[in-house]
Every structure is written in C-alpha cells, then in structure tokens.
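Me: I am new to this structure and would like a close look at a single part of the picture, the salt bridges. Could you take me through them slowly, and then set beside them a little of what surrounds them?

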Amino acid sequence: MEEQTNGKSPDNNIPEVTQVSGLYENWFLDYASYVILERAVPGIRDGLKPVQRRILHAMFEMHDGRYHKVANIIGQTMQYHPHGDASIGDALVNLGQKDLLIDTQGNWGDSRTGDSAAAARYIEARLSKFALDVLFNPQTTEWQRSYDGRKREPVQLPVKFPMLLAQGVEGIAVGLSTKIMPHNFNELIDASIDALKGKATKVYPDFPSGGFADFSQYEGGKRGGKIKVRARIEQMDKKTLIIREIPYFTTTDNLIDSILKANDAGKIKIKQVTDNTAEHIEILIELAAGISPDVTISALYAFTDCEMSVSPNACVIVEDKPLFLSVDEILKISTENTKELLKKELEIKQKELQEKIFFASLERLFIEKGIYKRIEDCETWEAVLKTIEDGLKPYAHTFYREITRDDILRLTEIKIKRISKYDTAKADDLLLQTQKNLEEVEHHLENLRDYAIAYFKELKNKYGADRQRKTQITSFDSIEATAVAANNAKLYVNKAEGFIGYGLKKEEFVCECSDIDDVIIFREDGTMKVVKIADKIFVGKDIIHVAVFQKGDERMVYNMAYLDGKSGRAFVKRFQVLAVTRDREYNLATDHKLSKVLYFSANPNGEAEVINVLLSNSSKARIKNYDYNFADLEIKGRTAKGNILSKYAIRRIKLAQEGESTLGGLDIWYDPAAGTLNKDKIGQYLGNFEHEDSILVFYKDGSYEQNGFALTNRYEFDKVLHIEKFDADKVVAAVHYEGQNKAYYLKRFKIETATIDKRFSFVSNNKQSKLLAVTTANDSQIEVYYKLGAKKQKIAYPTDKIEEVKGWKALGRKLEEPKIWDAKFILPEKTKPEEIQIKGSEEKALF
C-alpha cells in the first residue's frame, strides 16, 4: 500500500512517494502492547491493573483515617492515570464492591442486582485496615515517573497476599483477554501456607453471590477449562419456589428476564415471578397448577440463567509479557513474592536496628569516655572532627562497620542538655532491648519460611473471621433439556401420508410434547427415523408407530416381526434404541423392496407379549396356527436380524396375550406436587414394581382406589391423602368424621376389593363426612387433638389395641374425646414419649 505526498522532488518535479507498508503493523503492535500492559491485564506481583494500582496509591497518599469523597479520589488519581475520570470511577466502584481493600460509605450499588452506584460526589471511601497492612511499604516499592513526569508512582505495589486470586479480574485487550475468578480469603491463606511447606495446592473459586459450582472441568483455571454455576433454588411450598443465591455472572434482573422468556417459550410453566431482593436475594416463583416443583427446578437450570457456564482464562503480566498460567502457579508465584517482600522488610529492619545499636554505642563512648570534653580546646572545625575520630579509634574494631565522617558529624549535633542528663543504666537497657530485637529479626531471616507461615496465619486470625466460603462445591448431573421441558405442544400424525407435527390439529393425536422434543418414527417398510419436532414435517408414508423419543431409555423395548423380502422368511426380534443420529434412516428389517413389518409393539417397561401367528392356507406347514412368546427372545441391538418365526407365508399376526416385563422391577416415585408417577427419583418413593403389582390411593373424601403403575397415571394431587404400593396383607387404619352422627371414628380393615381403576368409598355418603388420617403401618399410634375447657390437649392410643380388624364398610369405634379438631397416626420410630399420653394416664395440657 502506498500513499503520495503533496511535496515534489526538487530535481525533476516528480511527486515524492512515502512507503507506509509495515507502519500499520508496527503501530498496531505498539497499540496492542500498550493496551495489554497498561490497561487490561493485571500484573502477577500485585494482581492489579494500572488504574487500580493508581487509585490505591492515590488513596494511600490521601489517607488520614477519615472517609474521602469519591470525586476527590478520582481527581487525585488523575495525576497518575491518563485516561479520564470515567474509567477511574468505574474501577473504584468495582474495587469497593469487592469489599476487601476499600471501606465504603453511601450507595455503592449492588453487583448482584446490577444497580449502579450513586454519583461520585455523594459516596465516600477510605482504605481498609487490611489494605494498609498488606499493600503499602514505600521502602520496598519500586517507583517510576507518572505519565507527565510531575509525580512518582509505583511500578508494582508490594502486596504481601495473593490479591489477584482473592479479587479476581476480567479484562479484554487487543488479541487476548483474561478472566480469573475470585477465590476464598481463608482458603487462599491455607493454600499459601501449604505452598510454603512444599505441599501440593488446589484452590477453587468462591463467588460472593453464593450458589453452587461444579469445578470438575476447571483445569486449574487454565484456558480450555469450564465452570458450571447454579443458583440456589429452594421449594417454599408445593406451589412456590424461592431463589436465594444466583450465579456470579448474572444479575437478578437478567435472571428474571431469562425466566420470563423461558415461560413465554413454553419451556417452563409459571404464574408469576416476584423480586423481593433487599439485603439478601429473594426471588419468588409461583408455579402453575399441577406443575412439579422438582421438575421446574431442573427446567430452570436447563433453560434459564439459573445455570451458567464460564470459561476461565488466567492471563497475567510477568516481566512485561502476558503469560497464561494456572491458578496454582499464580498462587505459588504470589506466595514466593510475599516471602521475598517479607525478607526485604526484615533486612531493612535489621539494618535499622544495627544502625540504632551502632549509634547508641558511639553515643555512649562519646559521653562516657569524655570525648566531648576534648573538643573544647579545638579551634577549628576540622580539629573537632579529628579529635572525635581519634577518641573513637581505639574502639573501632568493636563495631560492625567503619565509622564515617557522617557518624562523627551526627555526634557533634548532640545537645549539651542530653549529655548532662545521660543515664548509663537506661541506655544499657535500651541497647539490650534493641539487641534482642535484632536477634529476633535475624532469627526470622534464618527461618524465613516459618516467619512467612506465621505472617499468613496472623492475617487469617485478624481478617478471616467473616470470610467463610459462600459458594458450595458440588457436581452437577447433566440435565437433558427434553426431559424437563414443559409440555407446550401436542403431537399429531397422518400415518398414511407420512406427516407428523404439532400443527396437524385435524389429524390423529399422539401425545403431549414440548417444541424441543425429538420424535421417533417406525414405518411399514421396516425403517426407523428420529427427527426434531416441527409444525409439519414429512417422515415417510405408512407409519406404524410414532412417539416422543427418550434418548438412553433402557427400559423401552420394541418387539417386531417382519418379512424378509429376499428369502421370504419371517423373523422376530426384540431391540432397544438408545442413541441415533437425527434425520438418518435406519433399516430394521432387510434392505429389500418386499421386506415389511408384520407386527410391531413399543413396550415402555420391557414387556414381552404372546402373539398368535396364522399361516397362509396354501402353505405346506402342518401347523398353521400357533402362538409365539417374545419372552423367549433376547433383547439385542437394532441391527440384529432376529430369529426365524416361520419359513412359510404368514396370513396375519395378532396379539394373543398381554406381556410382562422381562427387565425386572421398576422403581417408582410419586410427585405429590404434580400428582404424577416417575422413575427420576422425584418425590415419594413407592417401591419396586413387578408386573402384577399395583398402587393403592386414599382420597380425602374417604375413598380408595387401586391402579396399575403406568407412568402416565395422573392423580388430583390436592385430593390425595395417602399413596403407596398395594400389599394385600396390610391392615388399613383410618380416622374419619361421620357427617350424619357428627362424631369421629377409628376403623381398621383390609382391602377386599380387587377391581382396578375403580374408587370405593369406606365412609358414609354424607357431604360432611371426610377422612382425617390413614396408615397401613404396623404398631402405629393414633394421636387425637381435642379441647378440654379452654385448653388444647392431645392423647395417644395404640391403634391395634383399641379396635379390631373388621370389614371395609364397618363404621369403626367412636372416639370419645370432646371437641376433637384433628387426629394423625404416629409411627413407632417417630414417637416422642414425652409428648404422647396413653389412654388411662393423667391428662396433660400441651398448649
């Protein structure tokens, strides 16, 4: 690239040409280096960016123990920082919000909510005691001139603490960036002590906003690592969730916005979000009716900012060059730097004490040996100095260094008043104490590691009391988005024409689904396909089965009989589909145009049914009608060919007998908030269910019902009193209120009915009759709450001692206590003897 100038050559009037190739490259590198070194990336030794360093230096110069207006601090800092007041103000507020180096006063905003600080003229700040202890020491500070040459500023502050890791930092430069997480104060100190002892260190970030964090992929803070952070979500009641802590990388406003967007998209179903955040974070989420809190919590993590991932990138300036290090490497460098600074301070103190002893000894000789009297006869200044020098010469060998002219001049400045009042005993004591101090310093220098460890322990004792870890370290299971997404659509299918989607509302309804689900399709020609659900999508004609695909579902087993078009034989196979490539067709039969599916079933619990096979009348088979049990087949992969069902032509195959699971029992939980069954460990564990097992449900209206254990069961959760796995040998104990007699009864009975999915009422049909409590536990006690006069009482009965087992229609035994207002059953292991009053004992007021 060339650019012509306006000047002309004096010889031939030809315009001069200036070559600019390479200039841009050089300028860009200069600019990039400046941004990296002087603005965005912190130094390894003090862990501060230049603007932060200049702010702290300016505050140290201003420090008088009182608060200063932030506007004044910004003005003072501008003497050192050439980039204007805005960048200084933002950096100062950021430092103040971290609550480590700066004591603040006024409205400094809130990083959790995203609220900004008040104007600089309204807020105040001063250095914290911790900052004064660890940041400053002019004697060990390396200085340089400020940008305009008028002032001096520190090249690096002599920080005696892993400040970079304590505060964390984020910066974007030219061509690189840095992102170092904040860490816990006390854990950094403990790790520094371990580093001094030569032990391996491992520290993890601690975020001021709390929450949970998974560091399994942290990689020591290096590039390529990842952190997952989650909000702390608790269930307040069946209809309300509360968020008390949020991820460090978001704000309450952004979090709420992400929740509302997920709700609008149908990923979650909520009624309302209320932000009650003040001193502590409190976001209330009111759920829609019939929505499970546990599933909603998982959905919040999957679809909102309640879970976030961040990639650390520990880039720091080391000897004027950016380097990518691990957190543990940064910690070790910082610890060694602290150790060296402590050594420098000890050496300075050693020098000061040696000089103090040196001059104290000179002064003593000068006075006690009467040297000061010899100078009275001296007529010239040089003679005075020579006399003092000669007087001290016999003792010169006792000092640690030579006596200089400056030392002699200092002796001449001693006032006669001090000489006349010189106390030898007091001087000896002072000299002895100074010598002890020197010995202590020299001991610390000889045992520098132990001294550094003691220094860190003192910091922890002094400042670590209120700095406990806020972020809980844990590990997260990956949440499958399709498993927790709320059903916000309905799946329809046109099997003949080969279309599926949630927009085909005039076609056959399949099931409820979400708009992020995958759908699995099986066709008559023996092909299978998994596609992303859409409004309308063509998947191939002659569909025989369509459903929402659950990746990795090991209990879903497909049973199939198909005709091999090439050989003319029929085969049977059982297979699972655990993982597939979306939109790819898989051939489950053989690749022949005459191959087709003769029979197909999808079995969510691995059931193996019996089918009836009818052969063609023209076949030569001796037996043309027989049954086949899929339980005789092993479950294999979808590519398996299967076993031969018949080598003759088959006229038809039909279901002969429903199948039982061949996979063993299924563990089932009941979610009381949603009234649904699940195998995801959500809610109350009901038990392990085999094919013949059933569920027993008691309702508040005094009825019970037996159901199968299909996961599609739905219960009116607000009407269910108790649910469990049915056991025919168990005795039911129930307390009910009889509306017609206006009395309370206890009854015990066994379930005698065997009809499935039919409700039976075991209390009267009176509208006021109701069921208070029910249990099938052995050795339970009934606890009755009643009023005796103005006092509330309670009394306990052994259930099996006061009522025998009768029929399920029997009324039961009447409870005689007056004004009964509640009753419940107490299991033996939960009983508190001091609170239970057995019938016949002395009555005891409990309220």
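**Salt bridges and their surroundings**

Reply: Aspartate 103 has a relative accessibility of 27% and therefore counts as partly exposed, since the partly exposed class covers what lies between the buried class, under 20%, and the exposed class, over 50%. Please keep in mind throughout that this is a predicted model.

The partner of aspartate 103 in a salt bridge is arginine 126, and the closest N and O atoms of the two are 3.7 Å apart. Because aspartate 103 belongs to strand 4 (residues 102-105) while arginine 126 belongs to strand 5 (residues 124-127), this pair ties together parts that are 23 residues apart in sequence. Arginine 126, with a relative accessibility of 24%, is likewise counted as partly exposed. As a general matter, side chains of opposite charge can pair when their charged atoms come close. The structure as a whole holds 35 salt bridges, and two further pairs are described here.

One of them joins glutamate 345 to lysine 160, with 3.1 Å between the closest N and O atoms. Glutamate 345 sits in helix 10, whereas lysine 160 sits in the loop between strand 7 (152-156) and helix 6 (163-167), so that this salt bridge ties together parts 185 residues apart in sequence. The two partners fall into separate accessibility classes: glutamate 345, with a relative accessible area of 21%, is partly exposed, while lysine 160, at 4%, counts as buried.

In another pair, lysine 460 forms a salt bridge with aspartate 190, and here the closest N and O atoms are 2.8 Å apart. This pair links distant parts of the chain, for lysine 460 is in helix 16 (residues 448-463) and aspartate 190 in helix 7 (residues 185-196), 270 residues apart. Lysine 460 counts as partly exposed at 29% relative accessibility, and aspartate 190 counts as partly exposed at 31%. Elsewhere, salt bridges that share partners bring Glu187, Asp206 and Arg469 into one network.

Helix 10, which carries glutamate 345, also packs against another helix. Helix 10 (residues 327-368) and helix 13 (residues 405-412) meet at an angle of about 55°, their axes being 11 Å apart, and the two helices are therefore described as oblique to each other. The crossing of helix 10 past helix 13 is right-handed. On the side of helix 10 the contact is made by Phe358, Phe359, Leu362, Glu363 and Phe366, and on the side of helix 13 by Asp407, Arg410 and Leu411. Sorted by class, this contact has five nonpolar residues and three charged ones, with no polar residue.

Two further residues, from another part of the chain, can be set beside these pairs. Threonine 77, in helix 3 (residues 70-77), counts as buried at 0% relative accessibility. Leaving aside residues up to four places away in sequence, threonine 77 touches Arg54, Ile55, Ala58 and Ile88. Serine 87, in helix 4 (residues 85-97), counts instead as partly exposed at 27% relative accessibility. With the same sequence neighbours left aside, serine 87 touches Val51 and His81; serine 87 and valine 51 are 36 residues apart in sequence, yet in space they are 8.0 Å apart from C-alpha to C-alpha.

Conventions:
Residues numbered from 1 in each chain as written. Predicted model: local features only at pLDDT ≥ 70, side-chain atom pairs only at ≥ 80, totals over all residues. Heavy atoms only, no water. Helix = DSSP H or I, 4+ residues; strand = E, 2+ residues; numbered from the N terminus. Buried < 20%, exposed > 50% of the residue type's maximum accessible area, 1.4 Å probe, protein only. Contact = heavy atoms within 4.5 Å. Axes fitted to C-alpha atoms, helices over the stretch in contact; angles between N-to-C directions. Parallel < 35°, antiparallel > 145°, perpendicular 65-115°, else oblique. Left-handed = near helix turned anticlockwise from the far one by under 90°. Nonpolar A, V, L, I, M, F, W, Y, C, P; charged D, E, K, R; others polar. Salt bridge = Lys/Arg side-chain N within 4 Å of Asp/Glu carboxyl O.
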